[in-house]
Each structure stands twice: as structure tokens, then as C-alpha cells.
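Subject: Structure for your files

Hello,

Here is the structure I said I would pass on. My notes on it follow below.

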Amino acid sequence: MQTQPTASHYIDGAYADDSEGAAFDSLYPYTGAPIATLHDATPAIIDAAIAAAARTQMEWAALPGVERGRVLRRAADILRAQNRELSELETYDTGKPLQETLVADAASGADALEYFGGIASSIGGEHVQLGDDFFYTRREPLGVCVGIGAWNYPIQIACWKAAPALACGNAMVFKPSERTPLSALKLAEILTEAGAPPGLFNVVQGRGSVGAALIEDPRVAKVSLTGSVPTGRKVYASAAEGMRHVTMELGGKSPILIFDDADLEAAVGGAINGNFYSSGQICSNGTRVFVQTDMKEPFLDRLTERLGGVVMGDPMDEATNFGPMTTGRQMQIVLDYIETAQAEGARLVTGGKRADRDGWFIEPTVFADVTDDMTIAREEIFGPVMSVLSFKTEEEAIARANDTAFGLSAGVFTRDLARGHRIAGTLQAGTCWINTYNLTPVEMPFGGVKMSGLGRENSREAIAHWSQVKSVYVGAGTVEAPF
Ligand code: NAD
């Protein structure tokens, strides 16, 4: 497969490059071999991308919503038609097994394009009568928006930002993570093929400094970041300088509460999905698994048994269900956390080391007897490390689950549905799952509270974050004035 793109950036409907920008490689996590060399965007590239977006945005916004939506829906169809090659490219860039990328990446991006393509024509305001006078509201685009992505779900993140942004009449400059730069370029090509005007969706590459430069440009109205809390703080502060809108999709340390009455298979399955899918590199993962006392041993036994089903290996082999870490650096970060956990007295149940093979693989790792103050129970690890903690009462579990600076997601497994809803009402999280975990359909709002972020992606909620309201008051009588 050809992984080297035509050029680093995509601006004004065509590939562009500037070799003055520092070169960087994208590496295949299974072998560590370079699969593409790109350049950081220079100031000239950044300027060209923002200028193209600014030029196109007003024309795009002036189109009827149904026409904007048609472009997005065509793009969804093209993404689906190219799903296999897009999935292979994503597997090369991220190391995630093809078994996953075939169903969870471009496919999820296509859902977002289809969904927001479908509602583009019904985005509108309200009319309120005030006697003979009245006012109405218009839901207007923000203008040029910047999207900045993380490396775990590159094309999904690009689509989750681009689809609602473009549906609302904005134009976008997107900067993928420098670790996984390739698939956003394909999305740009696909949008062009689907009929998007040149300049509507531009891609610029580079490290954090390129993202920082984009946000500082006075022509930019909004930034939507998917990334870590430390980066979120910087981006939010920079956006505040220019009073720009923000969406912050940041990290998490989410709890899963498993009660004694839970369906054991469902609870174990939820904990596996919430810790080991994408080798644990998922923001919403439920990495603090609180298990009620009587359920603890059965849970650990069944979990250990089911971990026997892990197939670690060549990510391109569709039988592989567990891939390497996306970067060598992330592998080292996770190994350091595992060492800290052991030093702090957590009991290693399974895994705990780099796999004895090529590639940046870490064995699926489970720690039991974890306490709330341990580093692995407090910090986001972003790798295949599950912490199992035990609890006695519902009140205790809720208090401990909420005792974190993060608030992205949470899960509860119980056959007592009244309890499930009660707990969902008290957990401090943007999403709570009852008797399942990590399902994120496009119809459902997704985002965080507390340090996990601001704003919502997906669903009708996203429209509010990619548009602004203008009120238009219409007087029908004489104008009364004091003099
Ligand atoms: P990161 O914060 O290191 O980088 C994210 C992006 O921000 C990259 O494109 C990076 O180049 C850019 N960036 C870095 N510094 C910047 C700056 N000063 N100004 C502007 N841009 C800058 O995150 P990562 O390591 O790529 O991704 C992992 C993190 O992302 C985890 O914390 C994970 O939880 C989070 N994440 C959140 C969600 C969500 O939807 N909530 C989804 C996926 C990942």
C-alpha cells in the first residue's frame, strides 16, 4: 500500500508542501519503520490554509442547508466505499488491528458525515410573537474553525469535528496529530470528490507549535481540540485571548461500578472493552473498576480466563484483536506506570510487561488491591492497564468514583435498574453507561465535565457548539421615544 502522501498539507482543494518546514516521520507501530515523511506547516502554509478557509466560508454558508448536507452525505458514501483501504491506512498509522479499524474508524466517521448531512437542512432558530412585534433567531456559523486531533482515532476525530462544523456553514483547518498524520489528508480528498468547494476543509501538519499558531490567528473563530488535559489548558488559555469558542475533548480516569447482582459476563465484557480495546488508548476508558466485595473474586477469575482470548500479533491479520501501542514513547509511559504501581503495592494479576516480540506491544495488564491514592488510580495512563478496586456500599462507591479531577465517562453494572439510573444521576461524567460500556453512537452527545472538557460532540447538541445565535427583533408599530 502507498502510504507516502502526495504532499504534507491539503489547502484550497489541492495538496501543498513547503520543505522549509521541519521534516518528521510517521512510523508503523508494528515494525517501527517509517511509512511517510512530512513537513511541519510553515507560517506561509498556515496563512494559506486559513486564507482559503476564510475565502470559502461565506459562500458555503450561503448555500441552502440541503446542498451542504448533500456534500457531506456523498462524502459518507465515499468513505464507506473506501472503508478497507482507509482502514488499512489507519492501521499502518496507529497500529490498531485491522479487525478494529474496519468497524470503528472510517465507519464511525461516515456515520457522523451522514448524520450531520441529514440535519444540515433543519438547522434553524425560533420565532416568538410579542403582541404585534416579534423576534426570531438565526443560527449562524462561527466562521473559520480549527480542529486539532489526537493520535488514537485519527479519521474519526477529523470527521466528528468536520461534519457538524461544515453542516453549520463553517470552514475548517484541521491539524491531525503529528503521530498519525495520514488519514485526514484522505478525508480532505474525499470531501473534494464529494463536491466541497476548494478551501472548505484544509489539512495542515505539524507538532504542537503549529496548533498553537493556528489558534492565535485573528481570522479563527473557534478551536476544537481532542487531546490531553495539559494541552487543553494551553489551548483554552490561548483561545481566551482572542475570545474564541472552544470545544475540549480531553482525558479521563473513568470509573466502572460493578455490583454483586450484576451479570458477570456483561460486567467482564464491559471492563475488557473499557480497558483493552485499541490497547487501552481510548479517552473514555473505565480504568478504575470498582467491584463490590462478593463479586471481586468471580470477576477476577472470569476476567483472567477471558484474557486468554487475546490474539496479539500482526495488526493487518484480521484474526489479531490486540495491537501495539501507537508510539514507542507511549509504550514507555505505560511501562513506567506499571513499575510505579508495583512499587506502590498494587497486586499484579496478569500481564505487566512489554511483550516478548517486535513492535510496541504491552501485555494486557490487570492490577488488583488498588487503592484510591495510588498513582495508577489517579492519573490517566492511556494504555492497557486496568485497576481493580473493591467497595462495600453504593454510597461509598459513588463518593470514590467521583473523587477525581476528571469527568469524561462512567459505567455501572447492576440488575437493579432503579439503582442503575440513580447512580447515573450522581456520577460526575459526560456519559454514563448502564450495563454496557464505551458505545458512542453519533446520535448520542459525547464530551466531558470537570477537567475532561467542555462542549459536546455528536448528536443535535453539537450544533450549539458549531454555531451562534443572532436575534432579530421586528417592530410592527410606532417607535416610542422619550423626546
Ligand atoms: P496531546 O494533548 O499530546 O496532543 C493532542 C493534539 O494537540 C496533537 O495534535 C498535538 O500536536 C496538539 N498540540 C500539542 N500542544 C499544543 C499546543 N500548545 N497548542 C495547540 N495544539 C497542541 O494528546 P495525544 O497524546 O495526541 O492524545 C492522547 C490524549 O487525548 C489523552 O489524554 C486522551 O484521553 C485524549 N483524548 C480525548 C478524547 C475525547 O474525545 N475526550 C478522544 C481521544 C483522545
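A backbone N or O atom of G227 lies 3.3 Å from an oxygen atom of the ligand. Please keep in mind that this is a predicted model, and that the values here are computed from it.

The ligand site

Two other polar contacts to the ligand are worth listing. For G149, a backbone N or O atom is 2.7 Å from an oxygen atom of the ligand. For E380, the contact is made by a polar side-chain atom, at 2.5 Å from a ligand oxygen atom. On its own, the ligand exposes 850 Å², and the protein buries 87% of that area. Three elements give two or more residues each to the shell around the ligand: helix 8 (208-216), strand 10 (220-226) and helix 9 (229-241). Helix 8 provides the largest share, with 4 residues.

How many residues surround the ligand, and which are the closest? The number is 29, and the closest are G149, E178, S228, T231 and E380. By residue class, the shell consists of 13 nonpolar, 10 polar and 6 charged residues.

The sheet of strands 5, 6 and 20

An open sheet is formed by 3 strands in the order 5-6-20, with antiparallel pairing. Strand 5 (127-130) and strand 20 (467-474) are the edge strands, each pairing on one side only. From one strand to the next, the twist averages 20°. Strand 6 (residues 133-141) and strand 20 run antiparallel and are joined by 8 bridges. Within that pairing, P141 of strand 6 is opposite S467 of strand 20.

Strand 15 and its neighbours

Strand 15 (residues 365-368) pairs with strand 14 and with strand 16, as follows. Strand 14 (residues 347-350) runs antiparallel to strand 15, and 3 bridges join the two. One of the pairs here is T350 with its bridge partner V366 in strand 15. Strand 16 (residues 385-391) runs parallel to strand 15, again with 3 bridges between them. In this pairing T365 stands opposite V385 of strand 16.

Are the two faces of strand 15 covered or open? Both are covered. In a regular strand, side chains alternate between the two faces of the sheet. In strand 15, T365 and F367 are on one side and V366 and A368 on the other, and all of these residues are buried. V366 is thus listed twice in these notes, as a buried residue of strand 15 and as the bridge partner of T350.

Two positive phi values

Which residue in the loop between strand 18 (431-434) and strand 19 (453-454) is N438 joined by in this respect? The answer is K450, which is also found in the loop between strand 18 and strand 19. N438 has its place in that loop, and its phi is near 65°, a positive value in a residue other than glycine. The phi of K450 is positive as well, at about 50°, although K450 is not a glycine.

The two residues can also be described by their exposure. N438 has a relative accessibility of 16%, which is under the 20% cut-off, so N438 counts as buried. K450 has 36%, which falls between the 20% and 50% cut-offs, so K450 counts as partly exposed.

That is the end of my notes.

Regards

Conventions. Residues are numbered from 1 along each chain as its sequence is written. This is a predicted model: local features need pLDDT of at least 70, side-chain atom pairs count only at pLDDT 80 or more; totals for chains, interfaces and linings use all residues. Side-chain values use heavy atoms; hydrogens and water are left out. Two strands pair if DSSP finds at least two bridges between them. Axes are lines fitted to C-alpha atoms, for helices over the stretch in contact, and angles run from 0 to 180 degrees between N-to-C directions. A residue is near a molecule or strand if one of its heavy atoms lies within 4 Å of it. A polar contact is a pair of N or O atoms within 3.5 Å; within protein, one must be able to donate a hydrogen and the other to accept it, and residues adjacent in sequence count only if both atoms are side-chain atoms. Accessible areas come from the Shrake-Rupley method with a 1.4 Å probe; for residues, only the protein chains shown count as cover. Ala, Val, Leu, Ile, Met, Phe, Trp, Tyr, Cys and Pro count as nonpolar, Asp, Glu, Lys and Arg as charged, and the others, Gly among them, as polar. Buried means under 20% relative accessible area, exposed over 50%, partly exposed in between (1.4 Å probe, protein chains only).
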